[in-house]
Amino acid sequence: MSRPIAIDIDGTMTRSAGGIDERLFGPLREWEEPVVLATGKSFAYPVALCTFLGIPERVIAENGGVILVDGDLTVAGDSTAAREVAGRLREAGYPPGWPEPDMHNRWRETELSVTRSVPLELLDDLATEYGQTIVDSGYAYHVKSSSVSKATGLRRACELLDRDPEEFVAIGDSANDAELFDAVGRSYAVANADETAASRADVRTEGSFADGVLEALAEVSEK
Ligand SMILES: O=C(O)COP(=O)(O)O
Ligand SMILES: [Mg+2]
């Protein structure tokens, strides 16, 4: 058996030292059901990853802000508040996201990715002031509209794929995967997952990072 998959990138497909674990290339390329990359990274990154994996462009980027499925593009998030927050961070003497040149936000269409070295209390105050929510991917704080998440992104991807979220299996590692875990039929948190993701997943894998992904894929294939 095979099921459609929504898979996170950072902390899930990567090795502990960073970089995609190449052992995932074959299984994801050969997976019989749709594979949707669901990430907090800016839009260009997962699209490029689909290209290099050799799989169709099916992407939930920017924590649900941008969805691309087989040539159909949806921009669900808003960039206005994110830009305002960036300006206020600069005024307060912090990087308006990441230090220049900021490759995390350069191609970002909706939310703002902020280095975790910025005090969370300050960011929280700014997010509240502009009606935004902060989600922690473990790699960055993301200031985003509260109406979008990887789960809302999956619902849009499902409309385009003519599938139901319940059919999907999700694999992830962080708080920005928690709503996605709630939305799908079966969810796996890799062993290195943070507490929020681990407590919201149906299954915690024995293995960390790609070892956990391979374990989840094997279990899904066997069922
Ligand atoms: O860009 C990040 O902060 C992490 O993205 P992820 O959702 O792929 O883990
Ligand atoms: Mg992650």
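In this report, a helix is a DSSP run of H or I with at least four residues and a strand is a DSSP run of E with at least two, both numbered from the N terminus. Asp-162, for example, lies in the loop between helix 5 and strand 9. The structure is a predicted model.

**Domains and ligand**

The protein chain is divided into two parts: domain 1 (5–76 + 148–222) and domain 2 (80–145). Their centres, taken over C-alpha atoms, are separated by 23 Å. Where the two domains meet, 17 residues of domain 1 are in contact with 16 residues of domain 2. On the domain 1 side, the touching residues comprise six nonpolar, seven polar and four charged ones.

Ligand 1 is surrounded by 13 residues, the closest being Ile-9, Asp-10, Thr-39, Gly-40 and Ser-137. This shell holds three nonpolar, seven polar and three charged residues. Because domain 1 and domain 2 both contribute residues to the shell, ligand 1 lies between them.

**Annotated positions**

Which residues does UniProt mark as "binding site" in a group with Asp-8? In the unreviewed entry, this annotation covers Asp-8, Asp-10, Asp-173 and Asp-177. The four positions are spread over 170 residues of sequence, yet they cluster in space, with a largest C-alpha distance of 11.0 Å. UniProt also lists Asp-8 under "active site", again from an unreviewed entry. A further "binding site" feature (unreviewed entry) is placed by UniProt at Lys-150.

The table sets out the surroundings of several of these residues, together with Arg-155.

| Residue | C-beta atoms within 10 Å | Class |
|---|---|---|
| Asp-8 | 29 C-beta neighbours | buried |
| Asp-10 | 20 C-beta neighbours | buried |
| Asp-177 | 37 C-beta neighbours | buried |
| Lys-150 | 29 other C-beta atoms | buried |
| Arg-155 | 16 C-beta neighbours | partly exposed |

A residue counts as buried if 20 or more other C-beta atoms lie within 10 Å of its own. Asp-10 has 20 such neighbours and therefore counts as buried.

Asp-8 is placed in the loop between strand 1 and helix 1. Asp-10 is likewise found in the loop between strand 1 (5–7) and helix 1 (25–30). Leaving aside residues up to four places away in sequence, the contacts of Asp-8 are Ala-38, Thr-39, Ile-171, Gly-172, Asp-173 and Asp-177. Under the same condition, Asp-10 touches Thr-39, Lys-41, Ser-137 and Tyr-139. Thr-39 thus appears among the contacts of Asp-8 and among those of Asp-10.

Asp-177 occupies the loop between strand 9 (169–172) and helix 6 (178–183). Apart from neighbours within four places in sequence, it is in contact with Asp-8, Lys-150, Ala-170, Gly-172 and Ala-197. Two annotated positions are therefore linked to Asp-177 through contacts, namely Asp-8 and Lys-150.

Lys-150 is found in helix 5 (residues 150–161). Beyond four places in sequence, the residues it touches include Ala-38, Ile-60, Asn-63, Asn-176, Asp-177 and Leu-180. Arg-155 lies in helix 5 as well. Although Arg-155 and Ala-183 are 28 residues apart in sequence, they are 8.4 Å apart in space, C-alpha to C-alpha.

**Nonpolar cores**

In soluble globular proteins, nonpolar side chains tend to be buried together. The largest nonpolar core here has 40 residues, of which Ala-6, Leu-154, Ile-171 and Leu-180 touch the most other members. Helix 8 (residues 209–222) gives the most to this core, with five residues. Apart from it lies another core of 16 residues, among them Ala-86, Val-114, Ile-134 and Ala-140.

Leaving out residues up to four places away in sequence, Ile-171 touches Ile-5, Ile-7, Asp-8, Thr-12, Tyr-188, Val-190, Val-213 and Ala-216. One of these contacts, Asp-8, is the residue that UniProt lists under "active site".

**Backbone features**

Most residues other than glycine have a negative phi, and most peptide bonds are trans. Three places in the model call for comment in this respect.

A cis peptide bond, with omega about -10°, joins Glu-100 and Pro-101. Pro-101 is in the loop between helix 3 (80–91) and strand 6 (112–114).

Asp-162 is not a glycine but has a positive phi of about 55°. Is this residue buried or exposed? Asp-162 has 6 C-beta neighbours inside 10 Å, so it counts as exposed.

Phe-209, also a residue other than glycine, has a positive phi near 50°. Phe-209 is placed in helix 8, and it is buried, with 21 other C-beta atoms within 10 Å.

How values were computed
Residues are numbered from 1 along each chain as its sequence is written. Chains are lettered from A and ligands numbered from 1 in the order in which they are written. This is a predicted model: local features need pLDDT of at least 70, side-chain atom pairs count only at pLDDT 80 or more; totals for chains, interfaces and linings use all residues. A residue is near a molecule or strand if its C-beta atom, placed from the backbone, lies within 6 Å of it. Ala, Val, Leu, Ile, Met, Phe, Trp, Tyr, Cys and Pro count as nonpolar, Asp, Glu, Lys and Arg as charged, and the others, Gly among them, as polar. Domain bounds come from an automatic or database domain assignment. A nonpolar core is a set of buried Ala, Val, Leu, Ile, Met, Phe, Trp, Tyr and Cys residues joined through C-beta atoms within 7 Å. A residue is buried if 20 or more other C-beta atoms lie within 10 Å of its own, exposed if 12 or fewer, and partly exposed in between; C-beta atoms are placed from the backbone. Two residues are in contact if their C-beta atoms, placed from the backbone, lie within 7 Å. UniProt positions are given in the numbering used here, feature names are shortened, and annotations may be inferred rather than shown by experiment.
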